[in-house]
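Visitor: I have a model open on my screen and would like to learn how to read it. Could you walk me through it, feature by feature?

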Amino acid sequence: MKHLVTLQEAADAVNKTVHNIRDYIQRGRIAKYNPQGEVITRAKNGELRVDLHELRAFLNLVAQGDENHHHDGLHAELGFYGLAERERTKHVHRLHPYLGKFIPQLVEWFLSRYFQPGDILLDPFMGSGTMLIQANEMGMHAIGVDISEFCYRIVCAKTQQYDVEKARQEILRAERLTREFSRNWQYPSPQLSLFDADNVHTLANQLLEQCHSDYMKTWFAPRALVEILYYRHLIETDTFVYKDLLNILLSRAMRSSRLVPHYDLATPKQPLPVGVEYWCRKHNRMCLPIDNCITKIHAYSQDTVRRIATFNQLRTSAQIYPLHGDSRTIDLTPILQGRKITGIFSSPPYVGQIDYHDQHNYAYELFNIPRNDDLEIGPKSNGKSKRAQQAYIDGISGVLRHMKQYLIDDANIFLVANDAFGLYPQIAQASGLKIVEEFHRAVT
Ligand SMILES: C[S@@+](CC[C@H](N)C(=O)[O-])C[C@H]1O[C@@H](n2cnc3c(N)ncnc32)[C@H](O)[C@@H]1O
């Protein structure tokens with residue numbers, strides 16, 4: 001019997017991205033179904049399903065080496081078949097969720113073959129900073145630019161140099177105070193508490209009154225909201241040294257505390273009612289929406305310390321420069337101080353696939369960060385029309401033309417792209433660049 005699921009459900013169930021599942025379909029590795037279980041060639045809006053049994057069987061074969069994700073013409077090593085999830089998300093790469101990243105092993109593969117320690121590399125679409133982190137591990141200097149300020153903040157938190165013991169103490173203290181505050185807010189008990197119960201309620205009311213975000217008031221249970229607001233208040237008012245790291249930890253915990261079904265963390269449509277069970281397609285049972293944030297703060301506190309400690313052991317003295325700005329116009333002269341960039345390794349956004357600011361809308365709301373959605377190249381909101389494709393060509397070639405002034409002559413530029421519309425020959429031409437080699441890889 002078939003177990004029909006949406007692409008998002010399939011992706012969640014097998015720990016892949018929706019993009020991966022779509023790719024398996026496009027390459028004919030698994031079939032497309034309608035909700036009635038009939039094989040189809042074209043799905044009506046919202047009606048596309050895949051068979052989870054078929055998908056699992058296919059992935060099992062791949063894991064055993066009896067099947068390829070795709071047929072011939074693909075680079076054997078670049079599929080990274082069988083690479084464990086913990087390797088793909090090693091150390092700081094999983095400090096905060098980010099949709100649309102490439103795996104660190106892909107970066108390592110190219111950097112180790114085409115660049116040397118001491119080189120200066122650029123990622124004009126830095127995203128969550130994967131290239132910068134791997135370049136540093138390999139002794140290469142790295143500059144990254146992103147138009148989304150929250151991406152910039154994620155990368156700063158990932159790449160900052162920490163006194164790990166100090167960071168650990170701050171993280172644990174923030175957790176302990178928030179737990180205590182929340183307990184006192186729910187069950188006032190001045191004798192047993194760090195806080196005076198009246199103060200807790202006064203402060204909680206103040207924090208709630210000062211919260212003007214409809215998003216925050218809608219997507220969180222009351223207890224979760226109080227915990228989030230208090231943790232943010234602590235970061236703002238306490239003497240923590242590593243505030244940026246605490247902000248990223250809070251944002252990650254907050255994402256996991258939204259009133260959303262477990263099977264729809266990436267693209268939730270509307271909040272679930274507080275305290276009402278729902279049928280969870282991920283766990284195949286009734287689940288309750290989460291009503292607090294402290295559970296997640298606890299889980300991610302331990303995890304954050306482990307991750308920064310591991311990267312601390314691996315990092316080299318090479319420089320890392322994350323920057324916030326538009327890669328078509330940003331001035332890199334203050335950073336470069338007369339030096340030239342050796343090469344580019346980057347994955348640009350693809351046409352009409354992801355709204356990069358929007359994937360972190362909860363963080364933009366929490367920290368009240370200004371947004372630059374209109375400067376994003378190829379956003380999902382612009383669609384995939386001919387017009388959107390032309391805007392994409394103009395955008396990416398605008399970046400490459402601008403960055404050329406900072407590059408050495410004959411620099412190698414590696415762009416990881418799902419060029420579904422075949423736009424890169426035009427982009428190369430419009431940028432005055434030559435495509436010298438293409439590597440085709442399976443998206444695993
Ligand atoms: C595919 S993602 C990069 C992911 C990255 N390789 C990683 O592993 O995390 C593309 C990024 O380009 C950024 N971007 C889009 N338009 C931009 C622009 N005009 N200037 C700089 N960055 C831009 C988006 O915000 C997004 O983070």
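**A guided reading**

Guide: Gladly, and let us start at a single glycine: Gly 28 follows helix α2 and has a positive phi, near 75°. Keep in mind as we go that this is a predicted model.

Visitor: Which residues of helix α2 are buried?

Guide: A residue counts as buried when its relative accessible area is under 20%. In α2, which spans residues 18-26, the buried ones are Asn 20, Ile 21, Asp 23, Tyr 24 and Ile 25.

Visitor: Now the sheet. In what order do the strands come?

Guide: To read a sheet, follow the strands by their pairing. Here 5 strands make an open sheet with parallel pairing, in the order β7-β4-β3-β8-β9. β7 (320-324) and β9 (407-415) are at the edges with a single partner strand each, so one side of each has no neighbour in the sheet. From one strand to the next, the twist averages 20°.

Visitor: How many bridges join β3 to β4?

Guide: There are 4 bridges between β3 (residues 120-123) and β4 (residues 141-146), and the two strands run parallel. If you want one pair to find on screen, take Ile 120, whose bridge partner in β4 is His 141.

Visitor: Which helices pack on the sheet, and which strands do they touch?

Guide: Look at contacts and at directions. Helix α5 (residues 104-114) packs on the sheet and touches β3, β8 (341-346) and β9, with its direction at about 155° to that of β8. Helix α7 (residues 149-159) also packs on the sheet, where it touches β4 and β7; its direction makes about 160° with that of β7.

Visitor: Is β4 mostly covered or mostly open?

Guide: Mostly covered: 5 of the 6 residues in β4 are buried.

Visitor: Can we zoom in on one residue of α5? Is Gln 105 buried or exposed?

Guide: Gln 105 sits in helix α5. Its relative accessibility is 9%, so Gln 105 counts as buried. For a polar side chain, it helps to look for a polar partner. The side chain of Gln 105 reaches the backbone oxygen of Glu 87 at 3.0 Å. Setting aside residues up to four places away in sequence, Gln 105 touches Phe 80, Leu 83, Glu 87, Arg 88 and Lys 90.

Visitor: And where does Gly 118 lie?

Guide: Gly 118 is in the loop between α5 and β3. With 41% relative accessibility, Gly 118 counts as partly exposed. Beyond its neighbours within four places in sequence, Gly 118 contacts Gly 139, Met 140 and His 141. You can also compare sequence with space: Gly 118 and Ala 142 are 24 residues apart in sequence, and their C-alpha atoms are 9.7 Å apart.

Visitor: Last, the ligand. Which residues are closest to it?

Guide: Begin with the surroundings, then go to the polar atoms. The ligand is surrounded by 25 residues, of which Tyr 98, Ser 128, Thr 130, Asp 146 and Ile 377 are the closest. A side-chain N or O atom of Tyr 98 is 2.6 Å from a ligand oxygen, and a polar side-chain atom of Thr 130 lies 2.6 Å from an oxygen atom of the ligand. For Leu 375, a backbone N or O atom is 3.1 Å from a ligand nitrogen. On its own the ligand has 600 Å² of accessible area, and the protein covers 99% of that.

Conventions
Residues numbered from 1 in each chain as written. Predicted model: local features only at pLDDT ≥ 70, side-chain atom pairs only at ≥ 80, totals over all residues. Heavy atoms only, no water. Pairing = 2+ DSSP bridges. Axes fitted to C-alpha atoms, helices over the stretch in contact; angles between N-to-C directions. Contact = heavy atoms within 4.5 Å. Buried < 20%, exposed > 50% of the residue type's maximum accessible area, 1.4 Å probe, protein only. Near = heavy atom within 4 Å. Polar contact = N/O pair within 3.5 Å; in protein donor to acceptor, adjacent residues only side chain to side chain. Areas by Shrake-Rupley, 256 points an atom, 1.4 Å probe, with all protein chains shown as cover.
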